[in-house]
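Me: Please help me read this protein chain, one small step at a time. In what order do its elements run from the N terminus on?

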Amino acid sequence: MGAFFIYILKSSVCLVLFYLFFRVLLSKETFHRFNRVALLGVLFLSLLIPFIEVTTNHQVEVQQTMLTIEQVLLMAEMEPATVDATGGVAVHEVASLSWIEILLLVYLSGIIFFACRNLYSLIRLFRLIHSGKREKLEKAPFSWMKYIVISRKDLEENGREILIHEAAHIRHRHSIDLLVADICIFFQWFNPGAWLLKQELQNIHEYEADETVINEGVNAKEYQLLLIKKAVGTRLYSMA
């Protein structure tokens, strides 16, 4: 378990560094599709890079620091041992939890908490879908998350704009991005970079969907007012 925790720490450091790099160089760009690919690339690179080993003749400071952290974590997993009078090694059982075991328990508790929270959100979402009236939309694209949930009032008042916007999310398969980001958060819930990356992805998704609405001929000023009106609502379903 210590080796896995070391991997998570290395991956977290990579994710934060790559995300900061993205924020400095690309966050202001309006090429939303490129930014989306870049963020997903940041996510996957941060998961792969810890597996890459680079050997050098002399250890650099970062390498020495990471090696020290690995040694501490791996040594903490070992049971303390002493040498007896005959020269043999006597292993003593420790009744209390070590600090690394407490740290791992806290980490696992975080994973379980966020997994349960998202499972609860997903169950509520499916209940809402099954409780509503289903209508098959003409020319609606099919994807993993193929449902558009909309109230009767919104459908009658601003149905066209909202349906175009939500259909864009389905067509671009934005739900898959969020699922991948949520899986990353399960294992890196302590990492602010993981949360910020998901928020950045959601922003890009909204930009892409809004751009689609404007390209369909919807009045930009009226659409802005609609966005402001809907922005005051609550978000009850974190998976949606």
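Reply: Let's start with the terms: helices (H or I, at least four residues) and strands (E, at least two) are DSSP runs, numbered from the N terminus. This is a predicted model, where local features need pLDDT of at least 70 and side-chain atom pairs count only at pLDDT 80 or more, while totals for chains, interfaces and linings use all residues. Residues are numbered from 1 along each chain as its sequence is written, and side-chain values use heavy atoms, leaving out hydrogens and water. The protein chain has 8 helices and 2 strands, and their order is α-α-α-β-β-α-α-α-α-α.

Me: What share of the residues in the protein chain is buried?

Reply: A residue is buried under 20% relative accessible area, exposed over 50%, and partly exposed in between (1.4 Å probe, protein chains only). The protein chain has 240 residues, and the buried share is 32%.

Me: Which helix gives the largest share of the largest nonpolar core?

Reply: A nonpolar core is a set of buried Ala, Val, Leu, Ile, Met, Phe, Trp, Tyr and Cys residues joined through side-chain atoms within 4.5 Å. The largest one here has 15 residues, and Leu15, Phe22 and Leu39 are among those with the most contacts inside it. Two or more residues come from each of helix H1 (2-25), helix H2 (32-48), helix H6 (174-187) and helix H7 (192-215). With 5 residues, the largest share comes from H2.

Me: How many residues are in the second, separate core?

Reply: Good follow-up! Tyr7, Ile8, Ile100 and Tyr107 are included in this second core. Its residue count is 7.

Me: Is His174 buried or exposed?

Reply: His174 sits in helix H6. Leaving out residues up to four places away in sequence, it contacts (heavy atoms within 4.5 Å) Arg36, Ala168, His169, His205 and Glu208. Its relative accessible area is 3%, so His174 counts as buried.

Me: Why does Cys14 count as buried and Cys116 as partly exposed?

Reply: It comes down to the relative accessible area of each residue. Cys116 is partly exposed because its value is 46%. Cys14 is buried because its value is 15%.

Me: How many disulfides does a search of the whole structure find?

Reply: A disulfide is a pair of cysteine sulfur atoms within 2.5 Å. The search covers the whole structure, and the number found is 0.
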